[in-house]
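Got your viewer open? Load the model below and we'll walk through it one selection at a time.

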Amino acid sequence: MIVLLDPHASSAQVAAVEAELARLGAGARRVQGGTRIALEAQAMGIPLARDARERLLALPAVDDVLDAKSPHPRASSAPRLVVVGDRTLGKPEVVLGGAEVVLCAGPCAVDETIADGARMVRAASAKLLRGGTWKPRTSPYSFQGGGKRALLDLRGAADAVGLPIVVEVVDEESLEAAEPHVDLLQIGARNGQNYAFLSTVGAARRPVLLKRAPGATVHEWLLAAEHLLLAGCPALVFCERGIRTFEPGSRYTLDLAAVTLARAASPAPIFVDPSHPAGTRALVLPLALAGVAAGADGLLVEAHPDPGRARSDAAQALTGDDLARLSLCVASVAGAVGRRYACELVNHESITHSHERPDRPVTPEDRRRDRGADGILGIQAGHGSDVDRPVPHAPALVGPGAG
Ligand code: PEP
Ligand code: MN
């Protein structure tokens with residue numbers, strides 16, 4: 001057991017903790033982790049009382065009591081329920097990690113269609129609006145996101161339909177700009193192992209959606225969460241978004257075993273992003289449904305009212321009708337695995353369950369816009385890889401840019 005102490009505790013208060021540990025039959029050793037001081041407590045022969053944790057937490061010097069056997073004690077005891085938004089402040093709110101599977105959807109990058117996009121996402125029964133305003137792109141020549149202006153547009157569009165928002169932050173500047181406006185901060189795959197940045201975001205003390213880095217094991221993903229939580233993040237949501245494998249047919253390989261593995265290691269909610277492993281819209285629906293069947297608490301899906309105009313990841317963007325169909329199918333799968341999903345489609349009378357092709361096939365225009373690593377070439381060049389590789393079957397699509 002590790003007893004984490006309040007850094008401002010007086011020596012008398014710390015002595016009171018040591019005395020309580022002695023009463024509980026435990027020996028204590030002081031350890032220093034970064035700027036934090038903790039007592040490592042070990043039972044001396046007899047097992048610790050069942051209420052040991054509660055007794056220690058009642059003392060003023062004790063910040064937290066963690067399981068010393070876990071290599072990521074904070075991730076292992078992270079909150080199961082994550083409240084995003086704040087109803088008490090008159091803002092929209094959604095609870096993640098409860099019985100209900102939650103759909104979060106929106107464009108890869110926020111653009112001038114965001115008001116339509118927000119209405120489309122709301123009409124498909126999504127409970128959270130996503131939108132990238134700082135885009136970590138593989139190529140420095142690709143669209144890097146609309147920044148603060150786009151963020152305010154996203155906020156306005158979300159408020160108009162009553163949805164909280166999730167937005168990726170990529171550095172201290174974007175974190176500072178996003179903090180007052182964003183309900184759930186997203187750490188993207190590329191920053192999933194940037195430990196200094198994880199600590200910086202954790203220190204903002206806001207809920208975070210943590211994507212798995214494409215080269216990280218589940219254990220490393222849990223330790224990334226530990227960095228966030230140790231720095232002060234109060235609650236987080238894991239998000240599996242595919243890992244790098246040798247399969248060239250999809251952009252990444254969605255690792256559904258990771259959902260079960262992470263679930264066994266942490267109570268925190270786990271989302272699945274079916275869009276980035278798909279790379280193309282035809283794969284998004286089956287991956288989404290598989291994610292829900294595997295026990296995901298929610299989905300993070302890219303959708304755009306007019307994918308041909310999307311400035312990034314156009315090829316994997318669902319249309320409004322695709323998203324409504326996905327929502328309807330998610331309701332069935334969620335029910336089959338004992339979860340709830342509130343699907344109330346608006347203006348989608350013609351949508352039925354169907355695993356047929358999505359409404360809008362990928363067009364050459366999508367490919368042109370998305371040329372490169374983060375785009376459709378992921379599916380032809382394989383491994384979501386960078387450009388400048390010959391693309392079998394699609395020579396006309398090879399371009400110098402990167403998505
Ligand atoms: C995103 O969700 O916008 C994104 C960039 O995804 P990832 O970090 O998983 O590549
Ligand atoms: Mn994207």
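Which residues does Val201 touch, not counting residues up to four places away in sequence? Select Val201 and you'll find Val169, Leu175, Leu185, Ile187, Val208 and Leu228; contact here means C-beta atoms, placed from the backbone, within 7 Å. Val201 sits in helix H7 (residues 195-203), where helices (H or I, at least four residues) and strands (E, at least two) are DSSP runs numbered from the N terminus. Val201 counts as buried because it has 27 C-beta neighbours inside 10 Å; the cut-offs are 20 or more other C-beta atoms within 10 Å for buried, 12 or fewer for exposed, and partly exposed in between. Now add Leu229: its C-alpha atom is 9.6 Å from that of Val201, with the two positions 28 residues apart along the chain.

Before going on, some housekeeping. This is a predicted model, so local features need pLDDT of at least 70 and side-chain atom pairs count only at pLDDT 80 or more, while totals for chains, interfaces and linings use all residues. Residues are numbered from 1 along each chain as its sequence is written, and chains are lettered from A and ligands numbered from 1 in the order in which they are written.

**Colour by confidence**

pLDDT is the predictor's confidence in each residue, from 0 to 100. The protein averages 88, and 88% of the residues score at least 70. Strand E13 (residues 270-272) comes out highest at 99, and helix H14 (residues 377-381) lowest at a mean of 35. Select 372-403 as well: pLDDT is below 50 there, though the stretch has 86 contacts in the model beyond near neighbours in sequence.

**Zoom out**

You should see 14 helices and 14 strands. Of the 403 residues, 51% are buried. Among contacts between residues at least 6 apart in sequence, 66% join residues at least 24 apart.

**Into the core**

A nonpolar core is a set of buried Ala, Val, Leu, Ile, Met, Phe, Trp, Tyr and Cys residues joined through C-beta atoms within 7 Å. The largest one has 98 residues; pick Ala225, Leu236, Phe238, Leu299, Val301 and Val330, which touch the most other members. Helix H8 (residues 218-230) gives this core its largest share, 8 residues. Centre on Leu236: leaving aside neighbours within four places in sequence, its contacts include Ala78, Pro207, Ala225 and Ala268. A second, separate core of 16 residues has Leu4, Leu21, Ala26 and Val65 among its members.

**Ligand 1**

Select ligand 1 and show what is near it (C-beta atom, placed from the backbone, within 6 Å). Around it are Cys108, Gly132, Glu168, Gly188, Ala189, Arg190, Lys211, Arg241, Asp273 and His276. That shell splits into 2 nonpolar, 3 polar and 5 charged residues. Ala, Val, Leu, Ile, Met, Phe, Trp, Tyr, Cys and Pro count as nonpolar, Asp, Glu, Lys and Arg as charged, and the others, Gly among them, as polar.

**A strand with two faces**

On strand E6 (residues 93-96), Val94 and Leu96 point to one face and are buried, while Glu93 and Val95 point to the other and are not. Strand E5 (residues 82-85) runs antiparallel to E6, joined by 4 bridges. Val83 stands opposite Val95 in E6.

**Last stop: odd backbones**

Most residues other than glycine have a negative phi. Ser125 has a positive one near 80°, in the loop between helix H4 (114-123) and strand E8 (128-130). Asn347 is also positive, at about 60°, in the loop between helix H12 (320-336) and helix H13 (364-369). Is each buried or exposed? Ser125 is buried, with 23 other C-beta atoms within 10 Å, whereas Asn347 counts as exposed, with 12 C-beta neighbours inside 10 Å.

Terms used. Contact = placed C-beta atoms within 7 Å. Pairing = 2+ DSSP bridges.
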